[in-house]
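Hi,

Here is the structure I promised to pass on. Please have a look at it, and then read my notes below.

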Amino acid sequence: MKETEKPEKGNQIIEEAAQAEYKYGFVTDIETEVIPKGLDEDVVRRISALKGEPEWLLDFRLKAYRHWLTLKAPTWGHVHVPEIDYQAISYYAAPRKLKKGGVEDIDPELKKTFDKLGIPLEEQLRLSGMAVDAVMDSVSVKTTYRERLAELGVIFCSISEAVKDYPDLVRKYLGKVVPYTDNFYAALNSAVFSDGSFVYIPKGVRCPMELSTYFRINAAQTGQFERTLIVADDDAYVSYLEGCTAPMRDENQLHAAIVEIIVEDRAEVKYSTVQNWYPGDKDGKGGIYNLVTKRGLCRGDHSKLSWTQVETGSAITWKYPSCVLKGDHSVGEFYSVALTNNWQEADTGTKMIHLGKNSTSTIVSKGISAGHSQNSYRGMVKIAPKATGCRNFTQCDSLLLSDTSGAHTFPVIEVGNDTSVVEHEATTSKINEDQIFYCNQRGIPTEDAVGLIVNGYAKEVMAKLPMEFAVEAQKLLSISLEGSVG
Amino acid sequence: MNALKQYIDLYDENRELIEQQSPALLNKLRQDARTQLNDARLPRKGSEDYEATDLEAVFSHDYGVNVNRLPFDADPGETFHCDVPNMSTCLYYSSNDAFHSSPTAERNIGQVVVLPFSMAAVDYPELMSAYYGKLAHLKDPTVALNSLLVQDGLFIYVPDGVIPERPIQLVNIFNAALDMMVQRRLLIVVGKNAALKLLSCDHTQCPDYRYLNNQVVEIVAMQGSTVDYYDMEESTPQTNRVSSIYVEQHEGSNVLIDGITLINGFTRNNYHVEVNGEHAETHLLGMTIASGEQHVDSHTFISHNAPRCHSNEMFKYVLNDNAVGAFAGKILVQPNCPRVEAYQGNRNLCGAPTAKMYTKPQLEIYTDDVMCSHGSAVGQLDEDALFYMRTRGIGIDEARRLLMQAFVADVIDGVRLDALKDRLHFLVEKRFAGTLSNCAGCMAACKKN
């Protein structure tokens with residue numbers, strides 16, 4: 001079953017020209033197994049059955065589905081999510097030619113896609129020192145470096161494999177940070193989640209490499225419902241990278257993922273994202289709806305969780321990677337660059353919930369809006385009455401590149417005791433014309449100058465990204481701004 | 001439960017009486033307010049813009065409403081003074097919701113018009129009908145309730161080009177021997193290139209009773225005008241207030257609103273400013289000193305609808321004991337409004353483990369060539385500064401008082417009347433020392449005896 005149509009010859013040139021705007025806008029022709037459109041209890045049961053899940057997980061899904069039926073989509077965000085017909089979406093798609101075996105067994109078309117994306121699935125991979133759990137639509141195709149990680153006791157596999165191989169671990173942690181009752185999209189994800197990654201770092205282990213997952217929405221109209229669960233046991237450390245690109249599509253696609261992270265005593269988790277999904281064309285047609293729930297629980301004392309994100313894609317972004325700082329002296333960090341162009345809308349930020357004594361958090365958010373886009377920072381810092389001696393610093397800056405774009409900040413601060421210090425700062429302005437003039441004077445065209453200035457503005461966040469991502473993210477910022485100046 | 005219902009029922013029962021006693025203009029708006037209240041509910045804690053404040057609970061108490069407009073015998077001018085030393089003002093009183101002038105009110109005669117609505121509706125019908133109820137939003141249930149029950153108000157008009165010699169002082173006193181709710185209402189129109197300085201302070205004479213002041217103020221600042229509005233609360237822990245101030249600014253106008261809360265029970269202040277002309281300046285200042293069970297919630301909204309405007313906000317809270325403070329401020333810059341400069345600051349001191357502060361500064365910007373910022377901080381007194389003072393022989397309590405006074409000083413320094421500034425410094429000092437209600441040897445001159 002082919003999901004795509006080749007463009008007719010007459011339109012081919014136009015089609016190519018349009019696709020050129022989005023570097024990663026291509027569609028892989030591989031066969032996919034798709035459950036018919038629609039959502040009811042039978043679909044939930046069928047997904048569970050197809051994946052051969054145990055009874056408790058089916059129960060979890062059904063409870064989530066029943067709860068989802070009682071909820072309404074949230075409307076408080078500064079984004080315009082069109083009415084989504086949840087019955088018009090197919091909830092499961094798996095690449096069909098999936099076989100067990102080595103690299104050579106992977107569908108050549110699929111491999112080509114990964115190559116275009118630059119995923120070092122084969123030999124380069126060992127050289128680059130990363131382990132990649134590549135997710136094409138919903139089922140993990142190939143997990144590399146698993147054996148090497150296994151020697152250390154690190155578990156890095158797809159969540160469906162984890163359900164089979166480590167049911168106790170998954171059962172212990174799944175839904176503990178983001179319960180299915182959390183919000184509309186979390187309930188939907190809990191009911192129909194297809195696959196995702198599971199990471200467990202045992203006590204005292206420092207994961208020797210950056211763990212990485214590339215998500216890619218592939219088959220048309222098969223919303224992706226990823227679920228990631230990361231557990232860092234006492235004294236463990238892991239750096240997890242998530243990068244996304246998606247093929248160009250005319251119809252809007254839904255992405256409602258959940259990421260849950262649990263950090264135990266003295267452990268540290270660093271979670272980095274570069275999100276570059278299809279943002280829609282210049283007239284705001286198409287694009288991904290990225291409605292994600294990400295939350296980490298710093299359960300142990302002296303635990304640390306750091307979120308870094310570079311958001312340049314998606315038509316609508318609705319995500320708030322958050323930290324629940326339950327352990328004493330725990331640390332939460334959030335570094336974000338969100339760039340919106342054309343008609344993109346982003347409502348993103350974080351929540352820092354301080355429950356443990358002397359816990360600290362830092363928030364640095366940089367918003368850049370161009371074209372007709374709307375970019376909002378929405379954040380909350382809450383200090384519980386018993387969480388004494390807490391410290392938070394928040395800085396959220398906005399840069400406006402056009403007079404038709406909007407930049408907004410909606411921070412909420414709640415302080416429940418007298419020994420905590422919370423600071424919030426925000427500024428909004430446009431690029432200084434003197435800076436552009438200075439660059440022009442030295443022969444740098446305005447567009448490049450803007451790219452330079454924006455990269456400089458976002459440097460504080462970029463510095464927090466792992467090397468591999470920092471390079472890509474810098475390019476991404478400049479590419480995303482193309483055509484926005486003039 | 002719907003706390004509004006008791007007041008709507010009261011209105012329905014006494015509709016004719018209320019309408020008979022009020023100018024026709026007020027009755028016209030009353031109809032709209034009644035329709036608006038049909039399915040209105042007061043916001044509960046946690047709803048949008050009311051994160052820490054439960055209006056339903058505040059209004060649900062069974063307050064008396066003076067529907068019959070029974071006069072209260074005592075002349076407030078005789079029993080109460082709230083004079084600012086070294087400053088000559090024109091003094092007016094509101095006793096509950098009835099307005100009185102004092103002999104000093106004659107001072108600005110021929111310059112400024114200060115009249116109760118009942119007389120203003122006769123003498124200035126065009127102005128009254130052009131501006132009454134035009135700024136305040138009936139969709140806010142507290143504004144609708146005020147419009148529904150209000151029977152009189154105070155109209156202040158400064159004609160074009162007039163700059164009065166003396167500030168106007170309005171002393172609001174609660175002196176009923178029962179739990180009571182009043183609907184205070186002010187309409188202020190300041191003409192082109194005119195100026196107005198208005199001092200308003202709230203007091204309570206019978207501290208044993210519970211009061212609620214549901215107040216609506218509408219201010220129109222014409223081209224090139226200057227308006228200073230100082231609003232001080234110095235009531236009792238049993239006195240509650242919901243105040244909504246709506247401002248419309250025209251080209252080149254300059255508006256300063258300074259809200260000061262020293263003693264109160266529950267207070268919610270809404271400031272809504274529409275900046276409609278270029279080169280307009282807006283200053284919103286707020287200072288709250290709260291202890292015990294005091295609850296102060298300020299909500300500001302400044303909409304920049306014209307280019308080249310400037311706005312500045314600074315709100316400071318000092319919270320002790322179980323006090324709860326809340327601040328939510330929003331700056332909106334509409335499309336095609338370049339060169340707007342808008343700054344917002346909120347600084348808070350939490351002085352006790354049980355004091356709580358909620359803050360939500362917001363920016364919503366739709367134009368690129370702007371300079372906007374907001375800052376918000378919650379913290380404690382600087383330990384080093386305290387230590388420094390103690391090494392110089394200043395006791396810990398005294399040192400804390402000094403630092404807290406210094407913390408709020410810049411809000412007081414924003415006051416554009418020197419005599420008032422001195423008095424505020426004095427009152428704040430007394431407030432921190434806990435002797436504000438102690439009249440012996442006091443220079444504050446609140447009470448004649």
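By a nonpolar core I mean a set of buried Ala, Val, Leu, Ile, Met, Phe, Trp, Tyr and Cys residues joined through C-beta atoms within 7 Å. Please keep in mind that this is a predicted model.

The largest such core has 240 residues, and those with the most contacts inside it are Val199(A), Val238(A), Ile261(A), Val269(A) and Val190(B). Strand β9 of chain B, residues 211–221, gives the most to this core, with seven residues. If you would like a place to start looking, try Val199(A): beyond its neighbours within four places in sequence, its contacts are Ile155(A), Phe156(A), Leu211(A), Ile230(A), Val231(A), Val238(A) and Tyr240(A).

Next, some backbone angles. Most residues other than glycine have a negative phi. Asp235(A) is not a glycine, yet its phi is positive, at about 60°. Asp235(A) is found in the loop between β8 (227–232) and β9 (237–245) of chain A. His329(A), also not a glycine, has a positive phi of about 60°, and lies in the loop between β16 (322–325) and β17 (331–340) of chain A. Asp235(A) has 19 other C-beta atoms within 10 Å, so it counts as partly exposed; His329(A), with 18, is partly exposed too.

Finally, helix α9 of chain B (residues 396–413). Its 18 residues should span 26 Å at 1.5 Å a residue, and its end C-alpha atoms are indeed 26 Å apart. There is nevertheless a kink of about 35° in α9(B), centred on Phe407(B). Val408(B), Val411(B) and Ile412(B) are buried in this helix, and the cover over the buried residues of α9(B) includes β14 (281–290), β16 (310–319) and α10 (418–433) of chain B.

Best wishes

Key:
Residues are numbered from 1 along each chain as its sequence is written. Chains are lettered from A and ligands numbered from 1 in the order in which they are written. This is a predicted model: local features need pLDDT of at least 70, side-chain atom pairs count only at pLDDT 80 or more; totals for chains, interfaces and linings use all residues. A residue is buried if 20 or more other C-beta atoms lie within 10 Å of its own, exposed if 12 or fewer, and partly exposed in between; C-beta atoms are placed from the backbone. Helices (H or I, at least four residues) and strands (E, at least two) are DSSP runs, numbered from the N terminus. Two residues are in contact if their C-beta atoms, placed from the backbone, lie within 7 Å. The expected span of a helix is 1.5 Å times one less than its number of residues. The bend at a residue is the angle between axes fitted to the seven residues ending there and the seven starting there.
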